[in-house]
Amino acid sequence: MKKIIYVFLLLTFFSIVTFGDVLDELDNPSAYGISMGGALYTVFAGPQSIAYNPAGIATEGGFFFSHVEHYLGVIRNDFLAGSLNAGNFYFGSSMQTTRSVDVSDLNYSQYIFSGAIAYRMKNISIGTDMNGFFGTDVINGFSMDLGGIFQTGNYTFAAVLKNALASITWQSTPPTVENYPAEVILGVGYSSSSFDVNTFVNFTSKEFGAGVQFPLTKFFSIVGGYKGSIGAQISNALSAGLVIKNYLGFDLFVSYTFLDSANFGQLLSPFTVSMNYNFGG
C-alpha cells in the first residue's frame, strides 16, 4: 500500500509542476523505444510499456522518466510513469507532456494522463490502459488500448489494439469531435545471450520498426533501430542508443534519432535521455 501511495503522489507532484506542458510523443516517448525503432511491443519494459503495450508493465515495479529534445530545443517532451505489482496483477500510471521553450509564437499546450492494468500468468500477459487528453486546442479526449504478450522459448509474440476506443473534442466554433480508427499492431521478438531483436508492424498506419540490442558487458549495451512506413507520408527514422544498467541504482537509456534516412544528422533530429528505477533492484 505504501508503494501505491508513493507512486501516485509522485506522479501527482510532477503533474502539478508541468501542468503547462504539452504532449507530442504519444507512441514512442522513451529513449530505449526510440533507439529500438519503436519496437517495444514485445518487451516487458516496466512503466514505459504504458506507451507501447500495456501488457508489458507486468514485471517488477518501478519509476521511469524520459526527456526528449526536438527542433534545436524549441520543443521538449517529458514522460513520467510508475508501476507496481500485487500478485499476478500489475498497475501503472503515466503522464506525457511537451512544452515550447522561449518561443513567443508557439503558445500551444497539450498533455495526457494514463492508467494501466495487466495480468500475468507465467509466460502470458494481457493488459489494458485508458488515456485522457487535454490542451489548448483540445477540450477533452480519451482512448483505450488493449495488449497481450506471449513467450515461448527464445521467442516473444505480441498483439496490440491501439485506440480500441478513441475520440477527441477539438476547440473550435462549434467544437469538433473526431473519432480515431483502431490500430492493429503485431510484434515478434527473439532473445539470446548474444543479442535481442524486436520487430513490429502496424497494419492500420502501415508503419513498421525493428531494433537490435547487443550486450557488451553485464552493465553496458549498444542499441540500433529503424522505423519506416509503407506507402504513407511518414518520415523514416534511423536511431542509435546506449543502455547502461545499474548506473547509480538506475538504468540509463540514451538515444539519437536521424529523422530522415536521406538526411542523416540533420539538426531537427531528437535527442532522448531516459532513466528507469526498479523496486526489485
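## Close-up views of a predicted model

**Figure 1. An aromatic cluster is built from four residues of the predicted model.** Ring pairs join Y32, F64, F79 and F253 into a cluster. Two of these names, Y32 and F253, return in the largest nonpolar core, where they are listed with L40, Y41 and I57 as the residues that touch the most other members among the 29 residues of that core. The elements that contribute two or more residues to this core are α2 (31-35), β2 (75-86), β4 and β7. L40, when its neighbours within four places in sequence are set aside, is in contact with S30, Y32, G33, A45, Q48 and Y52.

**Figure 2. Y41 takes part in aromatic pairs with Y52 and with F200.** The count of aromatic pairs comes to 13. In the pair of Y41 and Y52, the ring centres are 6.0 Å apart and the planes stand at 80°, an angle over 60 degrees, so the pair is classed as edge-to-face. Both residues lie in the loop between α2 and β1 (62-70), so this pair ties together parts that are 11 residues apart in sequence. Y41 is buried, with a relative accessible area of 6%, and Y52 is buried as well, with a relative accessible area of 0%. The pair of Y41 and F200 is tilted, with 5.1 Å from centre to centre and 55° between the planes. Because Y41 lies in the loop between α2 and β1 whereas F200 lies in strand β10 (residues 196-202), the pair ties together parts that are 159 residues apart in sequence. F200 is buried, as is Y41.

**Figure 3. A salt bridge joins D145 in strand β6 to K162 in strand β7.** The structure holds 3 salt bridges, and in the one between D145 and K162 the closest N and O atoms are 3.9 Å apart. D145 belongs to strand β6 (residues 138-152) and K162 to strand β7, so the pair ties together parts that are 17 residues apart in sequence. D145 has a relative accessibility of 5%, under the 20% limit, and therefore counts as buried. K162 likewise counts as buried, at a relative accessibility of 6%.

**Figure 4. Two further salt bridges are formed by E207 with K227 and by K245 with D251.** The closest N and O atoms of E207 and K227 are 3.7 Å apart. This pair links distant parts of the chain, with E207 in strand β11 (residues 207-215) and K227 in strand β12 (residues 220-229), 20 residues apart. E207 counts as buried at 16% relative accessibility. In the salt bridge between K245 and D251, the closest N and O atoms are 3.4 Å apart; here K245 counts as partly exposed at 37% relative accessibility, whereas D251 is buried, with a relative accessible area of 8%.

**Figure 5. L242, in strand β13, is shown with the residues that it touches.** Strand β13 spans residues 237-247 and includes L242, which is partly exposed, with a relative accessible area of 37%. Not counting residues up to four places away in sequence, L242 touches F220, S221, I222, L252, F253 and V254. One of these, F253, is also a member of the ring cluster with Y32, F64 and F79. The C-alpha atoms of L242 and A31 are separated by 8.9 Å, although the two residues are 211 residues apart along the chain.

**Figure 6. A nonpolar patch of about 950 Å² lies on the surface.** The patch is made by F89, F91, I117, Y119, M121, I124, I126, F150, Y155, F157 and V188. At least two residues of the patch are supplied by each of β3 (89-100), β4 (110-121), β5 (124-135) and β7 (155-170), and β4 gives the most, with 3 residues. M121, one of the residues of the patch, lies in strand β4.

**Figure 7. The whole protein is given as context for the close-up views, with 2 helices and 15 strands.** Of the 281 residues in the protein, 45% are buried. Among contacts with a separation of 6 or more, 48% are between residues 24 or more positions apart. The protein exposes about 13,600 Å², and carbon and sulfur atoms supply 65% of this area.

Notes. Residues numbered from 1 in each chain as written. Predicted model: local features only at pLDDT ≥ 70, side-chain atom pairs only at ≥ 80, totals over all residues. Heavy atoms only, no water. Patch = residues over 30% accessible without salt bridge, like charges linked within 9 Å, V, L, I, M, F, W, Y side chains within 5 Å. Areas by Shrake-Rupley, 256 points an atom, 1.4 Å probe, with all protein chains shown as cover. Salt bridge = Lys/Arg side-chain N within 4 Å of Asp/Glu carboxyl O. Helix = DSSP H or I, 4+ residues; strand = E, 2+ residues; numbered from the N terminus. Core = buried A, V, L, I, M, F, W, Y, C linked by side-chain atoms within 4.5 Å. Buried < 20%, exposed > 50% of the residue type's maximum accessible area, 1.4 Å probe, protein only. Contact = heavy atoms within 4.5 Å. Phe/Tyr/Trp six-rings, centres within 6.5 Å; stacked < 30°, edge-to-face > 60°.
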